[in-house]
Amino acid sequence: MALTKNEKRLRIKSRIRKVVSGTEARPRLAVYRSNKEIYAQVVDDETGKTLAAASSRDKDVASKKGTKSEKASLVGKAVAERAIKAGINTISFDRGGYQYHGRVKSLADGAREGGLKF
């Protein structure tokens, strides 16, 4: 029987997570994308702590008008701003099994514009 779309994504995600992990020096920027919203968090996998997070549900992003890709870019800038405030400049990007295209790419570009180095 064929795998569902979500099962395929989870298999891809597990393959990515074998390689990409966050350390204190270079934490992981994890992305989750639902049909309506997009979430991003900077995670140190060694201690299991979230160092910075942002989503399209935050008041400063949700109040702005625009397409989902434009909001994803704003989320990228917001998470970059919060990560830099926490003393983080370089990160590993974890696309979460999603294609690096559309909203995921917009978020990554926004984080780069915000000052994070991948």
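**Close-up views of a predicted model**

**View 1. The largest nonpolar core and its best-connected members.** In this predicted model, the largest nonpolar core has 23 residues, and those touching the most other members are Leu29, Val42, Val75, Phe93 and Leu107. Two or more residues come from each of β1, β2, β3 (49-55), α3 and α4. The top contributor is α3, which gives 6 residues. As a general backdrop, nonpolar side chains in soluble globular proteins tend to be buried together.

**View 2. The surroundings of Val42.** Let's zoom in on one of the core residues that touch the most other members, Val42. Setting aside residues up to four places away in sequence, Val42 touches Pro27, Arg28 and Leu29, then Lys49, Thr50, Leu51 and Ala52, and also Val79, Ala83, Ile88 and Ile91.

**View 3. Gln41 on strand β2.** Here we move to Gln41, a residue of strand β2. Gln41 is partly exposed, at a relative accessible area of 34%. Beyond its neighbours within four places in sequence, Gln41 is in contact with Arg28, Leu29, Ala30, Thr50, Ala52 and Ala53. With Thr50, the Gln41 side chain makes a side-chain polar contact of 3.3 Å. As for Ala53, 12 residues away along the chain, its C-alpha atom is 4.0 Å from that of Gln41.

**View 4. Helix α4 and its packing partners.** Look along residues 103-113 to find the buried residues of α4: Arg103, Val104, Ser106, Leu107, Ala108, Gly110 and Ala111. These buried residues pack against β1 (28-33), β2 (38-44), α3 (68-85) and β4 (92-94). After the helix comes Gly115, with a positive phi near 115°.

Conventions: Residues are numbered from 1 along each chain as its sequence is written. This is a predicted model: local features need pLDDT of at least 70, side-chain atom pairs count only at pLDDT 80 or more; totals for chains, interfaces and linings use all residues. Side-chain values use heavy atoms; hydrogens and water are left out. Buried means under 20% relative accessible area, exposed over 50%, partly exposed in between (1.4 Å probe, protein chains only). Helices (H or I, at least four residues) and strands (E, at least two) are DSSP runs, numbered from the N terminus. Contact means heavy atoms within 4.5 Å. A nonpolar core is a set of buried Ala, Val, Leu, Ile, Met, Phe, Trp, Tyr and Cys residues joined through side-chain atoms within 4.5 Å. A polar contact is a pair of N or O atoms within 3.5 Å; within protein, one must be able to donate a hydrogen and the other to accept it, and residues adjacent in sequence count only if both atoms are side-chain atoms.
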